[in-house]
Amino acid sequence: MKRRLLGTIAAAVSLTVPWVAVWVLTAGLPAVGYDPALFASLSTLATVAVSGVSILGAAFLLAWAAETAEKDVPRAFAIAILAVLAVAPEYAVDALYAWNAGQFAGTQRGIEAGNLAVANMTGANRILIGLGWSGIALFTIFRRKSDEDPAVKDRAGFLRDAVSIDPDISLEIVFLLLATLWAFLVPLNGGIDIFDMLILVGLYVAYIAIVIRGDVEPEDVHTGVPAALQRLPRPARIATIILLFAYSGFVIFVAVEPFAHGLEELGTEAGIPPFFMIQWIAPLASESPELIVVAYLVNKARSTAGFNALISSKLNQWTLLIGTLVVVYSLALGEYGALPFDSKQSAEIWLTAAQSFFAIALLVNFEVTAWEAVTLLVLFVSQVFLEFAVIRELIVLPITTEEMLLVYSAVYMVLGLLLFVSRREEFRLLLERSIGTITSAFGGEERPQQADD
């Protein structure tokens, strides 16, 4: 068993080694006699392939670490940490644009960088819901052996099957709703400012403060690598978890930027505008570890953990990612300043908030039907392709692009409001459950201690 465990981990690590070697020989150890030019000649396609495979390997290591950690910390907290690390590449890419916006403030380059920071952020958030939530829901329902997953509900009728969501995710849904409602106000302030940071980052800190006080779940629901690692003595187990988190996070960090830029170059060579690439292709690359991790969990019939990870990722992106942009911008600027953006990006933020509002409404009854997932997917894909067609002048709309974004925002809002009204009783129960979770966390009850191995 031990040999099989080491072999499985080694196989995942081996996927990361080629790109780590490239990184070390070109950036990590430039003073020991290696010639970076030997590796700089990698073609764009080769760069995308090698760095992309390394991200795949790191995603598996990350998933194993998070599942193993559930033995020692509350599951919600472990998943929250997984969500932060899995989308760390997105933070790095967005922070780069925010930093350039501050360094070149007042210039055309600085203005463009500020807009790109917002575009990258909104693109990442909409991809996470439009492709992530909908795609994983459909994958859960229609994958092979889905009948073995207790989260899948088989129903008669066209696209009536559903995937159930764990009611314990109520707290995350409520915090995500609060962040979404605040996001509608962000464009009204003329930029992302300190109040956005205080509210949004404060929401995430409050959420973590609650979930970290939850109980460690003792039941053994894992198989494969996580199950084997959980049987290690506690010191060895914790050391392994830390090592897997650190190494996978490092690999993702050093691989995702060349992967994203490589995709941008490939798209540019195909005639796709750079701005469109930065809003959609780069975030798609940086979100890929999260989607891989979730697909892995779902394929192990752990759909609940997978959706928890997706919802937690959306929460931290919709709070930490937005809230910290003003910090990065101000540091680069050398003084406090709100990160500015134009009216087009205001419409993008409203559309992203409206999509989030609709997606939350879908979760109020703790399930997502195949029909709802298809609706979420079609709305997202149609908007992206319609905007692309306008940019490439394949079609001409009677309205501007900004007005088109506002129309989609209105559609999302109307659908979301209708769902909230029809599910008002479920929403009330969701709020009551969340209040109960908060009361339990801070009610002074002593948590049961985890016995040491």
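## Exercises on a helical chain

In this model, Lys 344, Glu 348, Leu 351, Gln 355, Phe 358 and Leu 362 of α13 are in contact with Glu 372, Thr 375, Leu 376, Leu 379, Phe 380, Gln 383 and Glu 387 of α14. The model is predicted, and the exercises below work through this pair of helices and several other places in the chain.

### Exercise 1: α13 and α14

Work out how α13 and helix α14 are oriented to each other, and what kinds of residues make up their contact.

Step 1. Start with the axes: those of α13 and helix α14 (residues 370-391) come within 10 Å and cross at roughly 170 degrees.

Step 2. Classify the angle. Angles over 145 degrees count as roughly antiparallel, so α13 is roughly antiparallel to α14.

Step 3. Sort the contact residues by type: they comprise 6 nonpolar, 3 polar and 4 charged.

### Exercise 2: α15 and α16

Do the same for helices α15 and α16, and then look at the residue in the loop between them.

Step 1. Helix α15 covers residues 401-422 and helix α16 covers residues 424-441; they pack at an angle of about 80 degrees, and their axes are 4 Å apart.

Step 2. Since 65 to 115 degrees counts as roughly perpendicular, α15 is roughly perpendicular to α16.

Step 3. Phe 420, Val 421 and Ser 422 on the α15 side meet Arg 424, Glu 426 and Phe 427 on the α16 side. By type, this contact holds 3 nonpolar, 1 polar and 2 charged residues.

Step 4. Now turn to the loop between α15 and α16, where Arg 423 is found. Arg 423 has 11% relative accessibility and counts as buried.

Step 5. Follow the side chain of Arg 423: it reaches the backbone oxygen of Ala 361 at 3.1 Å. Apart from residues up to four places away in sequence, Arg 423 touches Ala 361, Leu 362, Val 364, Asn 365 and Glu 372. Two of these names are familiar from the opening: Leu 362 of α13 and Glu 372 of α14.

### Exercise 3: Two residues with positive phi

Find where Leu 159 and Phe 366 sit, and decide whether each is buried or exposed.

Step 1. Place Leu 159 in the loop between β1 (152-153) and β2 (162-164). Its phi is near 55 degrees, a positive value in a residue other than glycine.

Step 2. Check its accessibility. Buried means under 20% relative accessible area, and Leu 159, with 17%, is therefore buried.

Step 3. Place Phe 366 in the loop between α13 (343-363) and β3 (367-369). Phi of Phe 366 is also positive, near 60 degrees.

Step 4. Phe 366 has a relative accessibility of 16%, so this residue counts as buried too.

### Exercise 4: Thr 16 in α1

Which side chain does Thr 16 join through a polar contact, and what else is Thr 16 in contact with?

Step 1. Locate Thr 16 in helix α1, residues 2-28. With a relative accessible area of 0%, Thr 16 is buried.

Step 2. The polar contact joins the side chains of Thr 16 and Tyr 247 at 2.6 Å.

Step 3. List the contacts, setting aside neighbours within four places in sequence: Ser 54, Gly 57, Ala 58, Tyr 247 and Val 251. Tyr 247 thus appears in this list as well as in the polar contact.

### Exercise 5: Leu 138 and His 261

Describe the setting of Leu 138 and of His 261, with one C-alpha distance for each.

Step 1. Leu 138 belongs to helix α6 (residues 108-142) and, at 17% relative accessibility, counts as buried.

Step 2. Beyond its neighbours within four places in sequence, Leu 138 is in contact with Arg 143, Ala 370, Ala 373, Val 374 and Leu 377.

Step 3. For the distance, take Asp 161: 23 residues separate it from Leu 138 in sequence, and the two C-alpha atoms are 9.4 Å apart.

Step 4. His 261 lies in helix α10 (residues 234-269). A relative accessible area of 29% makes His 261 partly exposed.

Step 5. His 261 and Ile 281 are 20 residues apart in sequence, with 9.0 Å from C-alpha to C-alpha.

### Exercise 6: The whole chain

Summarise the chain: how many helices and strands are there, and what share of the residues is buried?

Step 1. The chain contains 16 helices and 3 strands.

Step 2. Of its 453 residues, 52% are buried.

Step 3. Among contacts with a separation of 6 or more, 82% come from residues 24 or more positions apart.

Step 4. About 19,600 Å² of the chain is exposed, with carbon and sulfur atoms supplying 67% of it.

Definitions and conventions. Residues are numbered from 1 along each chain as its sequence is written. This is a predicted model: local features need pLDDT of at least 70, side-chain atom pairs count only at pLDDT 80 or more; totals for chains, interfaces and linings use all residues. Side-chain values use heavy atoms; hydrogens and water are left out. Axes are lines fitted to C-alpha atoms, for helices over the stretch in contact, and angles run from 0 to 180 degrees between N-to-C directions. Helices (H or I, at least four residues) and strands (E, at least two) are DSSP runs, numbered from the N terminus. Angles under 35 degrees count as roughly parallel, over 145 as roughly antiparallel, 65 to 115 as roughly perpendicular and the rest as oblique. Contact means heavy atoms within 4.5 Å. Ala, Val, Leu, Ile, Met, Phe, Trp, Tyr, Cys and Pro count as nonpolar, Asp, Glu, Lys and Arg as charged, and the others, Gly among them, as polar. Buried means under 20% relative accessible area, exposed over 50%, partly exposed in between (1.4 Å probe, protein chains only). Accessible areas come from the Shrake-Rupley method with a 1.4 Å probe; for residues, only the protein chains shown count as cover. A polar contact is a pair of N or O atoms within 3.5 Å; within protein, one must be able to donate a hydrogen and the other to accept it, and residues adjacent in sequence count only if both atoms are side-chain atoms.
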